[in-house]
Amino acid sequence: MLPLIQVFKTTIREYAAYRLNFILWRLRMFLNLLFNFFLWSAVFDTRSTFGPFPKHAMISYILYANLISTFVLGSRTAEIGAYINDGTIINLILKPVSFFKYYFARDIADKVMNIVFALLELAIVIWLFNATLVLPQNIMLFALFFINGILISFFINLMLSFIGFWTPEIWAPRFLFIMLVFFISGSYFPLNLLPPPVYHALLVTPFPYLFFLPSLTLIGQIDGAVILFQLFFSYFWVVILYHLALYMWKTGNKNFSFWGR
Amino acid sequence: MNGLKKNIRIFYLLSLNALKITFQARIGGIFFLIGKIIRVFFIFLFLSLIFSRTRIIKGYTFDQILLFYLTFNIIDTLSQILYREVYRFRPLVVSGGLDMVLLKPFHPFVRVLLGGIDYLDIVLIVPYILLTLGIYIKMGSFHWGNIILYVALLGNSMIVVTAFHIIVLAFGIMTTEVDHTIMIYRDLISMGRFPLEIYKEPIRAVFTFIIPIGVMMNVPAQALLGTLSWRGVFSAFLISLGMLYISLIFWKYALKKYQSWGG
């Protein structure tokens with residue numbers, strides 16, 4: 001545990017060393033939050049509800065989803081692909097720490113740094129534009145979905161980087177994944193606004209479990225009749241994706257070769 | 001004149017090299033293309049979802065909002081086709097490679113601004129233009145005057161886009177920070193995907209008077225819809241030329257401060 005705490009601390013220090021980078025990154029995220037917030041505020045100019053969502057519930061969803069996605073999607077694993085391509089990965093493999101745990105510790109540091117700033121951004125939006133939030137509800141259920149969301153995101157991100165074992169073109173699949181995540185994970189709108197067949201089809205994919213269901217749970221809009229089904233699927237994806245990531249890691253290590261260093 | 005001919009010839013050679021590079025990373029290119037198509041498709045879907053339950057947003061109909069969004073896409077895609085090389089500027093600065101560019105007997109913008117045409121985005125620009133025309137014709141308010149003004153204002157937007165890219169290059173020389181700056185520029189212009197009326201003050205004032213996102217992204221679509229005054233047209237041209245002038249001054253200032261990194 002002690003080495004992982006050190007990894008966590010070192011990652012935080014890395015951010016402190018590259019402050020400008022991090023601040024510019026957060027500025028980008030803040031702009032995205034503003035766009036979504038204002039778009040939905042404009043929609044509610046002429047109406048008080050949208051589908052099952054009153055204005056304050058929709059705005060709360062958008063703001064909570066932004067906050068939760070910051071934590072769930074925050075990751076340092078994107079660098080692994082480049083490390084595999086240039087051979088640097090060998091330094092990490094040789095370390096007497098589990099590779100998965102090492103990167104999970106780095107990811108948690110990334111998430112902590114991001115969430116601190118995201119909270120500040122949320123406070124700015126609430127203060128500057130008088131946004132009213134629904135108080136967080138169903139905290140226990142939220143915690144279950146939230147932890148699963150973090151793990152699902154971690155394993156998918158690892159797999160996207162492990163592609164580097166087989167090809168140097170690692171950024172394009174990640175770009176495709178990011179595009180998918182933005183739209184079918186519910187960052188622009190709650191997925192239950194979609195036509196029911198599309199919504200139900202999405203629920204069997206891992207995407208809604210990243211931050212849509214945690215956010216919906218937090219604003220008290222989750223459908224009680226299907227909670228067990230949704231919980232089952234979130235655990236299902238954690239287990240499946242963990243084994244897939246492990247399989248890719250082991251197979252990749254066997255195939256892996258590099259020059260120099 | 002000879003200088004212009006030489007610059008065009010070098011631009012042609014660099015573009016030829018960029019084409020070869022595109023063919024070398026075919027699979028990656030296809031993935032990026034699919035990602036971009038997915039993004040546009042989902043925004044269409046998102047707007048359809050909103051307009052399936054409401055008729056207007058801030059006085060704009062579904063078709064009108066689509067015109068704004070497509071205009072944004074045309075300008076953004078054109079800028080990516082032409083100025084992709086800006087995204088690769090940082091390694092040139094930190095490695096000291098920029099020295100070699102500045103020493104060469106042609107304008108550095110040919111290399112650092114226009115030197116890496118993005119051919120993949122050319123595939124996207126055609127459907128954007130066709131869709132814009134299709135929606136405009138469908139709206140039933142076809143007017144040649146508006147179309148000519150629209151094209152002229154698209155050109156004007158490209159002047160602002162050029163100015164922004166030059167500022168990013170100059171900022172890169174002074175701080176070695178390019179990657180996030182260019183992405184912040186992308187995020188800022190993305191705020192102009194839809195009419196600026198959706199934003200409240202002071203955000204709207206910032207995007208109108210301080211960072212001319214409105215001039216860049218909204219004004220051409222307003223001209224097409226026939227809602228732009230002549231005063232608005234002249235202001236747009238004036239702002240864009242002012243921006244270009246400021247960007248060139250900033251570029252010259254950055255070059256004076258350049259000390260050559262790495263090497």
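Here is a short chat about chain B and its contact with chain A.

Trainee: Before I dig in, what sort of model is this, and how are things numbered?
Mentor: It's a predicted model, where local features need pLDDT of at least 70, side-chain atom pairs count only at pLDDT 80 or more, and totals for chains, interfaces and linings use all residues. Residues are numbered from 1 along each chain as its sequence is written, while chains are lettered from A and ligands numbered from 1 in the order in which they are written.

Trainee: OK, how many helices and strands does chain B have?
Mentor: Chain B has 12 helices and 0 strands; helices (H or I, at least four residues) and strands (E, at least two) are DSSP runs, numbered from the N terminus.

Trainee: And how many residues of chain B touch chain A?
Mentor: 31 residues of chain B are in contact with 32 residues of chain A, contact being C-beta atoms, placed from the backbone, within 7 Å.

Trainee: Which elements of chain B give two or more residues to that side?
Mentor: Those are α2 (26-51) and α9 (179-190) of chain B. The largest share, 12 residues, comes from α2(B).

Trainee: Switching topic, what does chain B span along its principal axes?
Mentor: Its C-alpha trace spans about 60 × 40 × 35 Å.

Trainee: How much of chain B is buried?
Mentor: Buried residues make up 36% of the 263 residues in chain B; buried means 20 or more other C-beta atoms within 10 Å of the residue's own, with C-beta atoms placed from the backbone.

Trainee: And what share of its contacts is between residues 24 or more positions apart?
Mentor: In chain B that's 81% of the contacts with a separation of 6 or more.

Technical notes. Contact = placed C-beta atoms within 7 Å. Buried ≥ 20, exposed ≤ 12 C-beta atoms within 10 Å, placed from the backbone.
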